[in-house]
Amino acid sequence: MNENGVRGNNPASTKTLNGTGVMENGFHHVNGNVSSYPAKAKSRRQRWDVKPSEMANNTLNPIRAIVDGMKLTPNPEKSMIALSIGDPTVFGNLPTDDAVLEAMKDAITSQKFNGYAPSVGYLKSRQALANFYRCPEAPLEAEDVILTSGCSQAIDLAISVLCNAGDNILVPCPGFSLYKTLAVSMGIKVKFYNLQPENSWEANLQHLESLIDERTSCLIVTNPSNPCGSVFSKKHLQKILKVASRHCVPILADEIYSDMVFPGCTSPSMASLSSDVPVLSCGGLAKRWLVPGWRMGWILIHDRNNIFGSEIRQGLVKLSQRILGACSIVQGALECILNNTPQSFFNSTISFLKSNAEICFSELSTIPGLNPVMPSGAMYLMVGIEMDHFPDFKNDVDFTEQLVTEQSVFCLPASAFEYPNFFRIVVTVPEEMMVEACARIREFCQHHYRSCSRDSNDLDQ
């Protein structure tokens, strides 16, 4: 081959060898003379030794770790009621809106979205999201949006772009288990800041601030909350922002339940309240539009005072190129989904969730030994267990395991969220199922509840 890459017989066009069988340009010279190759060194490995990577070994989903270890044998005389799965589609009582389905049908039949989309998503789809979520306090353009395979990938990219191995992130406790799963697998330390059930799960700001050090690279705020169903007030969000501002820590705002708040509550975005703290807001279609399996998520980049600059943006683009994330067909339907879904659909969903949450809270509040915390949004309700009154059980895992055995009701033990002696209830089940589940929980607690000796003494007096 000559220098232009064209095969030729001109010796002058051939690069010379460097004496080792390798041309001076770094390529091997190929001919029929076997002796021109050096002897191949023997492989160092004498046997097969294939092991999983450190990342694989360090990856652990706390929910799976706990649930997979539970002995879940439902009572054969009672139908199973699963209040544990954060998927609103499981029971079929919460379908998405017809406008959403029509948008998908149109995207499919158009045949325009069968190929690869750009790694960050179609420009038109990103612009549609920017238009949908922008506000005067938090302007957005298409370049501020990255489409992802669900909100989970959005969170993954956000943590990956902000943090290095050896850094630490601040995570709410109780909080969504994925944060820890992703961080630990990347060698990032997780520091849990306490939420307070007695204050509607507001963050303990003093505890939060005490955890910050020079290696803190990200503060995660989940609002509305999974697993608590709580909604932070504007005032409380502003206090969190002040802490982040004082210590120059960017915020990852997990807002997958954005606008899923009960009447009387408001849920301003973190970015709309920030004057100087940069925010990566992660969201998606999954919960509000009731289509978690469609895997459509996004990151909204709110770069206050150009703190992220071009580097964080370029980093997110590079990370998005590792895989082609968001489904192209859903991207094609996204603009119509955002613009054509009627408000009545959202109102109906919220009305149902609020009604179920009120039923559950009302019923469980009257059961001795249980302390439910009324939610203000999302799809969840947390219930405290006064373990001293249930001596038959060691902890919340034991409690919920036996609840399945006796009553065929499965609630997720809150140890999966780093918060023992609570359990989480998903309020998306049909109303009659929620009523039945509460009745069974009552029967279970009445059977196992015991008065403490202190209570007995108080009664004697």
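# Group meeting talk: pockets, strands and salt bridges

By class, 15 nonpolar, nine polar and six charged residues make up the lining of the largest pocket. That's where I'd like to start today, and please keep in mind that we're looking at a predicted model.

So, the pocket. The space in there comes to about 620 Å³. There are 30 residues lining it, and the ones closest to its centre are Gly 86, Phe 176, Asn 226, Lys 287 and Tyr 380. If you want to find the walls on screen, look for three helices: α2 at 62-67, α5 at 150-162 and α6 at 178-185 each put at least two residues into the lining. Which helix gives the most? That's α5, with four residues. And the lining is shared between domains: domain 1, which is 56-92 plus 343-448, and domain 2, which is 98-340, each provide at least three residues.

Okay, next, the closed spaces. The count here is four cavities of 30 Å³ or more. A quick reminder of the idea: rolling a probe the size of a water molecule over the atoms shows where empty space is left. The largest cavity holds about 50 Å³. Where does the largest cavity lie with respect to domain 1 and domain 2? Both domains give residues to its lining, so the largest cavity lies between them. Its lining includes Pro 62, Val 171, Pro 172, Phe 176, Lys 180, Phe 192 and Glu 418. Sorted by class, we get seven nonpolar, two polar and two charged residues.

Hang on to Lys 180 and Glu 418, please, as they come back now. These two form a salt bridge, with the closest N and O atoms 3.0 Å apart. This pair links distant parts of the chain: Lys 180 belongs to helix α6, while Glu 418 is in the loop between β13 (412-413) and β14 (422-426), 238 residues apart. Buried or exposed? Somewhere in between: Lys 180 is partly exposed at 29% relative accessibility, and Glu 418 is partly exposed at 28%.

While we're on salt bridges, the count for this model is 13. Let me show you two others. Asp 167 and Arg 215 form one, and their closest N and O atoms are 2.8 Å apart. Asp 167 sits in the loop between α5 and β3 (168-173), and Arg 215 in the loop between α7 (205-210) and β6 (216-222), so this pair ties together parts that are 48 residues apart in sequence. The two partners differ in their surroundings: Asp 167 is buried, with a relative accessible area of 8%, whereas Arg 215 is partly exposed at 36%.

The other one is a local affair. Lys 105 and Glu 102 meet through their side chains in a salt bridge, 3.5 Å from N to O. Both are in helix α3, residues 98-109, and they're three residues apart, which is about one turn of the helix. Lys 105 has a relative accessible area of 46%, so we call it partly exposed. Glu 102 is partly exposed too, at 40%.

Now over to the strands, beginning with β3. How many of the six residues of β3 are buried? Six of the six, so that strand is mostly covered, with buried meaning under 20% relative accessible area. In a regular strand the side chains alternate between the two faces of the sheet. For β3, both faces are covered: on one side you have Asn 168, Leu 170 and Pro 172, on the other Ile 169, Val 171 and Cys 173, and all of them are buried. Zooming in on Cys 173, its relative accessible area is 6%. From Cys 173 to Gln 196 is 23 residues in sequence and 9.0 Å in space, C-alpha to C-alpha.

And what does β3 pair with? It runs parallel to strand β4, residues 189-196, and six bridges join the two. Asn 168, for instance, stands opposite Lys 189 in β4.

My last stop is a hairpin. Strands β10 (residues 370-373) and β11 (residues 380-385) pair in the antiparallel sense over four bridges. Val 373 has Met 382 in β11 as its bridge partner. Between the strands there are six residues, and in this hairpin Ala 378 takes a positive phi near 60°. Look back at Tyr 380 too, one of the residues closest to the centre of the largest pocket.

That's my tour, thanks for listening!

Key: Residues are numbered from 1 along each chain as its sequence is written. This is a predicted model: local features need pLDDT of at least 70, side-chain atom pairs count only at pLDDT 80 or more; totals for chains, interfaces and linings use all residues. Side-chain values use heavy atoms; hydrogens and water are left out. On a 1 Å grid over the protein atoms alone, a cavity is a set of points where a 1.4 Å probe fits but cannot get out, and a pocket is an open set with protein on both sides within 12 Å along at least five of seven lines; lining residues have an atom within 4 Å of a point. Grid points are joined across faces, edges and corners, and a volume is the space filled by probe spheres set on the points. Ala, Val, Leu, Ile, Met, Phe, Trp, Tyr, Cys and Pro count as nonpolar, Asp, Glu, Lys and Arg as charged, and the others, Gly among them, as polar. Domain bounds come from an automatic or database domain assignment. Two strands pair if DSSP finds at least two bridges between them. A salt bridge is a side-chain nitrogen of Lys or Arg within 4 Å of a carboxyl oxygen of Asp or Glu. Buried means under 20% relative accessible area, exposed over 50%, partly exposed in between (1.4 Å probe, protein chains only).
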